[in-house]
Amino acid sequence: MEVLRIKNISKQYKLGEIDRMSYFGDLKKTLKRLVGMSVSQFDNTEVNDRSVIGNSKYVWALNELSFSVNKGEVLGIVGRNGAGKSTLLKLLSRVTGPTTGTIQVKGRMASLLEVGTGFHPELTGKENIFLNGAILGMAKEEIEGKYDEIIAFSGVARYIDTPVKRYSSGMYVRLAFAIAVHLEPEILIIDEVLAVGDADFQKKCIKKMREIAQSGRTILFVSHNMSTVRELCSRAILLDKGGIVLDGDTEKVVQEYLTAGHSNSQFGLIPATYPRTIVNKDGLEIISLKLFNESGEDIDRFFYQEKITIKVKVKILKDIGAEYICLASFGDQIQDRISYHSSNNDLISETHPVLDRGEYEFELVTNQSLLPGSYHVNFSVLDTMGYPYDGVLGYGSFEISELGRNKNLKYTWSKSLGSVAFENEFKINRIK
Amino acid sequence: MLLQKGVFIVCFVIFAHRMKEGWDYTIKSKRTAWNFEFKALWKYRYLILLFFKRDFVANYKQTVLGPLWFVIQPILTTVIFTFVFGNLAGLAPEGVPDALFFMSGIVVWNYFADVFVKTSNIFRQNANIFGKVYFPRMAVPISVMLASMLKFLVQFLLLLVVFCYYWLNGEVDPNLDFIALTPISVIVLGILAMGLGNITSALTAKYRDFTHLVSFGIQLLMYTTTVIYPLSKIIEWANASEAVGDFSFQKVIVLANPVTSIIESFRVGFCNHGLDIFNWNYYWYSIASALVIFLVSVVIFNKTEQNFIDTV
């Protein structure tokens, strides 16, 4: 059964400052309207692409968006910064009105946009429970009935008679979330709140949200945290530049989110001016370097434990025969150390191909198991003495996601424990 | 043919009705101009009560004197006004205790100014809450007005104490008919101030200039009504200048100010001053202008609340 139907929703925003010019613009529009002239509202409105300087002062934050949500669905809404997620939530929670289109809602809808919606810092936790509950549309008796439950869930019982301005930010969220989930709305809108609170509380929230979903109510969940989206949502929508790119199975959307928009811009041709380490001169020249994922896409974002293929184009300037070593390594961008290393390490073998003058493409497939984080690539070709013909260090930047391609694979530990995970076997043998 | 048409219409009506019934509410791009949400406000009455409490209580948290500040302010103002405008400038009329004369004006004006100033910044001040959650926005100005009304009540009791002092000393003779007007005056003044405040708040939401205007404008506005001088004095002055042949613009402004007739009704009631020049038409005018301004403000407020968060 449909509980929420969104039809052709658009939202126009004006960029720039509000100043004298916009004042006279407003005045002109109002006067025109008063004398009955038509004022076109939509002229010159552009698609919202934040990185491109446009010609118009107006953009579409949302552009002709339509979808509907059924009862009991947990819908994840994902998208890059500026894709329109927050705007959509603002429209749904009736904070601001759409420029065109309609939204139809069945049942009570409560939104949890950011932390402590409408908490008053001077009032105590208890007073804020009542105030916040009332703001969210609860009746007095309803709040009284759930008061104990809310305090128990929030876990801030000790502070309940202290003004909330003395609370830590985590306690703030705990209380705010506790009130909102006990409101028992038919539709609950959640935006990134889980990012605050500690691990213990996050677990509690996820459990509670699952309970809410199972009790037949509907949740709209906006997040950048793909593992939470994967865990909670039965369906997801991917937004980009104010429109829906993909609507459907969570798994598909998450994969699309992680890979889309990462088509490679920073890898490719290496400019001649790029700093290189060259000792053995005029041997060869590295022209370009590209990374590919398991599905053969040219990309700078990889899943955890996904095979990375490095393709390097080189131009051989003189016959160097079979006496060369290719060396690729990945550097940890934050701690600035080399963490992974692979090469045609068969140093003595005569079997690898002889390189005459000409252009070649090297292809190196690594079975990497870098921990989630950001890395750069080093690639050099050395002679057998270890002197580089040509080498580029610290090139580009790619990311390893904490999710695996396989749904069950997920990296949970902190990166501070190391940079690489090995394949291990773990056994316990009883001795006594 | 006709039957077919009839069946079709009936089906359509049922269908349309169903469509409306199925959804609890619809968010649309265009709303009607008149949209005073009585039903929603009634549903959120508990919120209004809490806002009212918050406005009233939060003001005096972490203060030593607490609610005493409600009476300290009019007492000090009265003392200063009595000295400056009474003793030095001699603006107070003969036969009325100066303190009572000024206090009756100050208490009424304070109430009006309080509601107006506080509601004139509603959108900007509450952008934080308004930006995150929906509730009938009108709940805020209403609760502000109620909180100010309570404050007025406390100050009104102070006025009564001062009045009783002079009454028992035989220095003043009240006009009970006019004192009985007080509740009506309070409501009219509240609606008037809230209406003006709501209209201003729509402007301050986008252009901050109006915030500056309000903050000193309200002080100047006090001089356009009869707080520090009696109406009789203005009329005397105007008659004198009209005799010379000048049109007295000042008199028109003072009479056009809807607060004037309300202050005058207080003065007649508590000071027994100005009954001879009290004109009921001006009192009706105050009521009418309060209603008109309020209705206009609802339309403007309603238009603003839709999208103001984008431009605040």
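**Notes on helix packing in chain B and the contact with chain A**

1. A good place to start is a helix pair in chain B: the crossing of H8(B) and H10(B) is right-handed (that is, the near helix is turned clockwise from the far one by less than a right angle; anticlockwise would be left-handed). Helices here are DSSP runs of H or I with at least four residues, strands are E runs of at least two, and both are numbered from the N terminus. Please keep in mind that this is a predicted model, in which local features need pLDDT of at least 70 and side-chain atom pairs count only at pLDDT 80 or more, while totals for chains, interfaces and linings use all residues. Residues are numbered from 1 along each chain as its sequence is written, and chains are lettered from A in the order in which they are written.

2. Helix H8 (residues 139-168) of chain B packs against H10(B) at about 140°, with the axes 10 Å apart. Axes are lines fitted to C-alpha atoms over the stretch in contact, and angles run from 0 to 180 degrees between N-to-C directions. The two helices H8(B) and H10(B) are therefore oblique (under 35 degrees is roughly parallel, over 145 roughly antiparallel, 65 to 115 roughly perpendicular, and the rest oblique).

3. H10(B) (residues 182-206) has another partner, helix H15 (residues 280-307) of chain B: their axes come within 8 Å and cross at roughly 30°. That makes H10(B) roughly parallel to H15(B). The crossing of H10(B) and H15(B) is left-handed. Residues in this contact (C-beta atoms, placed from the backbone, within 7 Å) include B:Leu192, B:Met194 and B:Ile199 of H10(B), and B:Ile293, B:Phe294 and B:Phe301 of H15(B). By class, there are 15 nonpolar, 6 polar and no charged residues in the contact of H10(B) with H15(B) (nonpolar: Ala, Val, Leu, Ile, Met, Phe, Trp, Tyr, Cys and Pro; charged: Asp, Glu, Lys and Arg; polar: the others, Gly among them).

4. H14(B) is worth a look too. This helix, residues 258-271, spans 20 Å from first to last C-alpha, close to the 20 Å expected (1.5 Å times one less than its number of residues). Of its 14 residues, 14 are buried (20 or more other C-beta atoms within 10 Å). Just after H14(B), B:Asn272 has a positive phi of about 55°.

5. Finally, the interface: chain A gives 35 residues and chain B 28. E5(A) supplies the largest share of chain A's side, 6 residues. That side of chain A divides into 16 nonpolar, 14 polar and 5 charged residues.

Definitions and conventions: A residue is buried if 20 or more other C-beta atoms lie within 10 Å of its own, exposed if 12 or fewer, and partly exposed in between; C-beta atoms are placed from the backbone. Two residues are in contact if their C-beta atoms, placed from the backbone, lie within 7 Å.
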